[in-house]
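Please open the model in your viewer and keep the sequence panel beside it, since this tour moves from one selection to the next. Each stop names what to select and then says what is there.

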Amino acid sequence: MSAVPPLHGVPAGVRRIGRIPVLDVQPLVQNGDLPSKAVVGEEFVVRAKVFREGHDAVNATAVLTDPDGVDHYFQMHCDNPGLSDWSTTVVADRTGWWRYRVEGWSDPYATWAHDAEIKIGAGIDEELMCAEGVRVLDRFRESVAGLGADTGALDRALDLLRDSSRSPVERFAAATSEDVRGLHHLLPLRELVSASAAYNLLVERERALYGAWYEIFPRSEGAYYDEAQGRWVSGTFRSAARRLPAISEMGFDVVYLTPVHPIGTTARKGRNNTLVAQPGDPGSPYAIGSPEGGHDAIHPELGSFEDFDFFVAEAGRNGLEVAVDIALQASPDHPWVTSHPELFTTRADGTIAYAENPPKKYQDIYPVNFDNDPASAYAEVRRVIQVWLDHGVRIFRVDNPHTKPVAFWQWLIADVAQRYPETIWLAEAFTKPAMMHALAAAGFQQSYTYYAWRNERWELEEYGRELAGDSAAYMRPSFWPTTHDILTPYMQYGGPTAWKVRAAVAATMSPTYGIYSGYELMEHVARPGVEEQIDNEKYEYKNRQWELYEPGGPMEGQHLGWYLQRLNEIRRAHPALQWLRNLRFHNADDENVLVFSKSRIVGNERDTILVVANLDPHATRETIIHLDMEALGMASWSTFSAHDLITDSWWDWRSDNFVRVGPDWEPVHILAVRSH
């Protein structure tokens with residue numbers, strides 16, 4: 001057979017369409033220029049348009065190539081013949097760089113079976129169709145034998161198909177028996193195989209997608225006011241380590257530390273962000289750097305690197321990973337100001353530009369300039385990151401990455417991954433969607449989101465569909481109801497019910513969510529005029545006196561620690577909640593009631609969680625919810641047991657159900673679904 005002539009008359013780089021066209025492969029990130037992402041064991045759907053000329057049968061296969069170059073095949077199915085839409089669910093079983101492609105191919109066996117059924121059934125060209133069937137099955141047998149598989153079913157079918165003493169109907173039945181069709185499904189005869197381009201897939205460890213974070217200011221854990229000396233005494237890594245068992249007991253996976261470096265004194269902010277610090281005010285830990293050191297140093301009041309190593313080890317013993325905060329900015333006292341002046345912007349009057357977000361001014365912070373001397377800036381930051389890698393840190397929460405070049409982050413994350421591929425980066429970028437998505441595509445494994453400000457049902461549904469849709473191929477959300485910078489009006493005025501609702505929805509809608517220390521205590525009072533807590537921990541020590549809430553203490557039970565613990569127990573017990581792309585929304589007659597589910601096959605069983613949340617923290621709501629039973633893995637007429645994992649209540653439900661949720665009982669049902 002002669003070769004197809006080369007493609008002439010088009011610019012270099014124009015891709016040739018295959019013999020069997022394979023177009024519009026999904027998922028793709030920036031047209032395939034950047035990798036798609038998944039974690040080990042995470043299922044995702046590969047789609048493409050596959051078709052051919054005429055009426056011959058066409059088929060398609062998704063192929064994942066593992067880091068060792070071994071191909072793994074996933075048979076695709078046609079979702080819409082009229083639109084030539086094909087899809088299949090694929091999964092990668094280990095970390096590393098994979099590739100994926102879609103192969104379209106001619107299906108001669110299906111073509112013959114279709115035509116022969118019509119003609120033999122009508123008594124037309126019966127012998128000819130049997131003879132053509134022999135030719136197809138001969139090729140089919142040769143293909144199967146070449147794969148080292150058993151050809152017995154095909155041998156028997158060929159013998160009968162060649163037997164002219166039998167009726168054409170019998171011969172056709174032998175060639176299309178259940179055994180032969182089953183073999184065709186497993187090891188099809190593929191001809192004119194035409195592959196799409198191969199695209200990169202980065203498969204990462206599970207924590208890149210799933211985990212519960214708990215944020216602390218280390219200096220507050222163990223801090224106390226010394227009445228005798230009239231001053232605050234800072235907590236240390238050693239005292240903060242004593243808080244780890246409680247964080248672990250609540251079921252968290254990651255303990256996140258705000259910056260632990262020396263803090264500048266020039267233009268130091270005072271309590272509640274006042275411009276003048278009083279004696280003893282510790283300053284913002286985000287004003288990094290003093291004569292005692294910069295980003296590669298530890299604040300002396302917290303201890304030493306030996307103490308930090310002790311904290312990391314204790315976290316590990318409690319089943320926790322440690323995340324540190326990377327805030328690439330400097331106080332006016334940072335060593336960089338003299339050792340690396342090229343890292344900053346010098347204004348026309350000779351002063352160094354401080355950070356501004358008009359009308360806000362941050363006189364205690366100098367932003368880093370990556371354009372004066374990119375090589376120097378890149379190298380210095382990489383050196384700093386190595387310090388923390390050397391001390392066992394494998395998770396970095398990055399403060400305001402959207403104020404630094406995306407190209408820098410792409411380089412840094414990739415460079416670190418060469419030696420430490422298990423490293424995870426969380427982007428704290430509350431900014432325009434284009435930048436948030438660009439940071440994720442550039443390499444950040446996780447991203448803070450707009451969740452804190454999405455309070456209405458329609459907002460949460462719209463946002464959830466966006467995050468679980470096409471963007472889930474590269475952007476993984478982290479839902480935080482509050483942070484040390486964010487206290488929305490919903491949380492200020494919603495009472496304890498609001499704090500339950502927002503934690504429960506965050507923990508069940510997103511595989512990764514985070515809680516800022518003190519959430520258990522429902523610290524809801526805001527500084528006048530801003531959406532952040534009064535007496536903000538960024539500017540002062542905060543002794544929460546956890547011992548008062550312990551069993552036997554005077555405030556035992558007056559906190560939400562038990563609720564957070566139960567949420568995390570549910571998350572660990574139900575793998576469906578550990579994925580994102582399986583999020584499905586249902587309907588309720590009351591616009592204040594949010595209903596969604598997640599379902600996942602684990603082994604031979606389906607794990608399904610259904611969440612019904614009353615988003616109105618002030619009133620109990622009664623309504624009818626309407627479930628998409630197919631999304632729950634059931635037929636529309638099915639019934640099932642709904643087990644409330646918070647209250648241990650049980651109900652028999654169907655597609656339409658009455659619910660009553662709100663502050664006079666529980667505002668959120670988290671239901672394990674058991675089909676009857």
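A polar contact, as the term is used on this tour, is a pair of N or O atoms within 3.5 Å, of which, within protein, one must be able to donate a hydrogen and the other to accept it. What you have open is a predicted model, and the values quoted along the way are computed from it.

**A polar contact at S239**

Select S239, which is found in helix α6, residues 237–241, and then add T236 to the selection. A polar atom of the side chain of S239 lies 2.7 Å from the backbone nitrogen of T236. Because its relative accessibility is 9%, S239 counts as buried, the cut-off being under 20%. If residues up to four places away in sequence are not counted, S239 touches E221 and G222.

**The whole chain**

Now zoom out to the complete protein chain, whose C-alpha trace spans about 110 × 65 × 45 Å along its principal axes. Its secondary structure comes to 16 helices and 33 strands, and of its 676 residues 55% count as buried. Among contacts between residues at least 6 apart in sequence, 73% join residues at least 24 apart.

**The barrel**

Which strands should be selected to show the closed barrel of eight strands? Take them in the order β11-β14-β15-β20-β21-β22-β23-β24, with parallel pairing. On average, neighbouring strands of this sheet are turned by 30 degrees against each other, with direction ignored. To look at one pairing in detail, keep strand β11 (residues 211–216) and strand β24 (residues 512–516), which run parallel and are joined by five bridges; within this pair, A212 has Y513 of β24 as its bridge partner.

**Helix α16**

With β11 and β24 still displayed, add helix α16, residues 561–573, which has 13 residues and reaches 18 Å from its first C-alpha to its last, close to the 18 Å expected at 1.5 Å a residue. Colour G561, Y563, L564, L567, N568, I570 and R571, which are buried in α16. An α-helix has 3.6 residues a turn, so residues three or four places apart point the same way. What covers the buried residues of α16 includes both strands already on screen, β11 and β24, together with α15 (495–509) and β33 (668–675).

**Helices α1, α3 and α5**

Move next to α1 (108–122) and helix α5 (residues 178–186). Two packed helices are described by the angle between their axes and the distance between the axes. For α1 and α5, the angle is about 145 degrees and the axes are 11 Å apart. The contact is made by Y109, A110 and A113 on the side of α1, and by V180, R181 and H184 on the side of α5; by class, it has four nonpolar, one polar and one charged residues.

Keep α5 on screen and add helix α3, residues 152–162, in which G152, A153, L154, A157, L158 and L161 are the buried residues. These buried residues of α3 pack against α2, α4 (168–175) and α5.

**Three stops for backbone geometry**

Between α1 and α2 (126–146) there is a loop, and D125 lies in it. D125 has a positive phi of about 50 degrees although it is not a glycine, and with a relative accessible area of 40% it is partly exposed.

Now go to the loop between β1 (22–26) and β2 (36–39), where P27 is found. A cis peptide bond joins Q26 and P27, with omega at about 5 degrees. N31 is found in the loop between β1 and β2 as well, and its phi is near 60 degrees, a positive value in a residue other than glycine. Is N31 buried or exposed? Its relative accessible area is 68%, and therefore N31 is exposed, the cut-off being over 50%.

**Y73 in strand β5**

For the last stop, select Y73, which lies in strand β5, residues 71–75, and counts as partly exposed at 47% relative accessibility. Add Y100, which is 27 residues apart from Y73 along the chain, and note that the C-alpha atoms of the two are separated by 9.9 Å. Leaving aside neighbours within four places in sequence, Y73 is in contact with T61, A62, V63, R101, E103 and R190.

Definitions and conventions: Residues are numbered from 1 along each chain as its sequence is written. This is a predicted model: local features need pLDDT of at least 70, side-chain atom pairs count only at pLDDT 80 or more; totals for chains, interfaces and linings use all residues. Side-chain values use heavy atoms; hydrogens and water are left out. Two strands pair if DSSP finds at least two bridges between them. Helices (H or I, at least four residues) and strands (E, at least two) are DSSP runs, numbered from the N terminus. Axes are lines fitted to C-alpha atoms, for helices over the stretch in contact, and angles run from 0 to 180 degrees between N-to-C directions. The expected span of a helix is 1.5 Å times one less than its number of residues. Buried means under 20% relative accessible area, exposed over 50%, partly exposed in between (1.4 Å probe, protein chains only). Contact means heavy atoms within 4.5 Å. Ala, Val, Leu, Ile, Met, Phe, Trp, Tyr, Cys and Pro count as nonpolar, Asp, Glu, Lys and Arg as charged, and the others, Gly among them, as polar.
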